[in-house]
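Please consider the sequence and the structure shown below. The paragraphs that follow lead the reader through the arrangement of strands.

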Amino acid sequence: MAGQCLLVPRLQGVSREQFLEHLYPQRKPVVLEGLDLGACTNKWTVDYLSQVGGTKEVKIHVAAVAQMDFISKNFVYRTLPFDKLVQRAAEEKHKEFFISEDEKYYLRSLGEDPRKDVADIRKQFPLLEEDIKFPKFFKEEQFFSSVFRISSPGLRLWTHYDVMDNFLIQVTGKKRVTLFSPRDAQYLYLSGSKSEVLNIDSPDLDKYPLFSKARRYECFLEAGDVLFIPALWFHNVISEEFGVGVNVFWKHLPSECYDKTDTYGNKDPVAASRAAQILDRALKTLAELPEEYRDFYARQMVLRIQDKAYSQNFE
């Protein structure tokens with residue numbers, strides 16, 4: 001387990017003004033209780049979702065094991081009618097299955113054309129729109145997407161970060177969410193936006209020794225809870241029960257900062273991607289030097305980056 005574990009604060013009845021004035025500037029996770037989310041927390045049962053969602057086909061992740069790994073891709077993509085997905089995802093054992101009778105299902109809703117359209121539950125599942133109210137804690141023009149998620153009991157998602165701010169609305173079921181600060185990225189053994197450390201509760205510290213230095217923030221979500229996940233905060237989610245959730249993403253930065261081809265909300269900002277490309281070219285140039293010189297000038301570059309780019313305003 002990571003060395004230090006802190007509880008994510010829980011606050012009751014926070015208003016829009018309180019959130020924007022006192023909580024949002026802190027750029028830290030917080031669980032908001034008692035918000036008006038509409039009728040969804042009571043209505044969205046397996047039977048209701050099966051009936052209202054109908055037979056529209058959805059693309060899903062299917063895994064033979066509970067721990068899904070997006071780096072090694074230990075799952076397959078399959079298509080099911082929405083009502084069948086809901087019914088199967090609520091089961092522990094399946095009479096009908098793709099891989100095994102205890103396989104796990106995960107839906108991350110997509111736009112009509114995932115290459116061009118963002119996910120928005122109001123468009124992809126219009127009959128459910130009137131059941132749910134999004135917290136109006138950001139401007140309408142900042143809205144990016146609303147992602148409908150359905151998870152089998154026991155499903156474990158990989159640790160990753162997103163580049164936009166996010167409300168995770170837990171509509172039904174229970175989840176455990178573990179978060180890590182962006183400042184602890186150096187301890188998470190990243191491959192792109194994802195951590196290679198899959199089992200965060202019992203990590204292989206021989207393989208990932210620095211992981212023990214990562215500070216761990218934890219919360220348990222039940223129906224009606226809303227978790228604010230600031231952009232760049234890593235999060236790991238375990239569905240303790242069959243659960244339905246909706247993620248609402250919005251743009252914290254000006255629109256021009258984001259990649260216009262990004263429909264998932266997980267591509268790094270344009271300036272960050274450009275800087276990474278420049279760094280790759282710099283490293284390629286340094287490789288032309290003998291080892292002693294390469295080491296010397298690389299260390300000077302690291303010191304310059306720390307001096308010019310590191311912030312002193314974060315823990």
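Which residue in S12 does Gln4 stand opposite? In this predicted model, Gln4 faces Arg215 of S12. The two strands involved, S1 and S12, run parallel and are joined by 4 bridges.

This pairing belongs to an open sheet of 4 strands, in which the order is S1-S12-S9-S14 and the pairing is mixed. Strand S1 (4-7) and strand S14 (234-239) are the edges of the sheet; each has a single partner strand, and therefore one side of each is left without a neighbour in the sheet. On average, and with direction ignored, neighbouring strands of this sheet are turned by 25° against each other.

Within this sheet, the pairings of S9 may be followed next. Strand S9 comprises residues 175-180 and pairs with S14 over 6 bridges in the antiparallel sense. S9 also pairs with S12 in the antiparallel sense, again over 6 bridges. Thr178 appears in both pairings: Asn236 in S14 stands opposite Thr178, and so does Glu218 in S12. As for strand S12 (residues 215-221), 6 of its 7 residues are buried, that is, under 20% relative accessible area; S12 is therefore largely enclosed by the rest of the structure.

A further open sheet has 9 strands, with mixed pairing and the order S2-S3-S13-S8-S15-S7-S6-S4-S5. Its edge strands are strand S2 (10-12) and strand S5 (75-81), each of which pairs on one side only. Here too the average turn of neighbouring strands against each other is 25°, direction ignored.

One pairing in this sheet is that of strand S8 (residues 165-172) with strand S13 (residues 226-229), which are joined in the antiparallel sense by 4 bridges. Phe167 has Phe228 in S13 as its bridge partner. Helix H1, formed by residues 16-23, packs on the sheet and touches S2, strand S3 (30-33), S8 and S13. The direction of H1 makes about 165° with that of S3.

Finally, the strands may be set beside a database annotation. In an unreviewed entry, UniProt lists residues 123-267 under "domain: JmjC". In the model, the span of residues 123-267 is 36% strand and 1% helix. The C-alpha atoms at the ends of this span lie 23 Å apart.

Technical notes
Residues are numbered from 1 along each chain as its sequence is written. This is a predicted model: local features need pLDDT of at least 70, side-chain atom pairs count only at pLDDT 80 or more; totals for chains, interfaces and linings use all residues. Side-chain values use heavy atoms; hydrogens and water are left out. Two strands pair if DSSP finds at least two bridges between them. Axes are lines fitted to C-alpha atoms, for helices over the stretch in contact, and angles run from 0 to 180 degrees between N-to-C directions. UniProt positions are given in the numbering used here, feature names are shortened, and annotations may be inferred rather than shown by experiment. Contact means heavy atoms within 4.5 Å. Buried means under 20% relative accessible area, exposed over 50%, partly exposed in between (1.4 Å probe, protein chains only).
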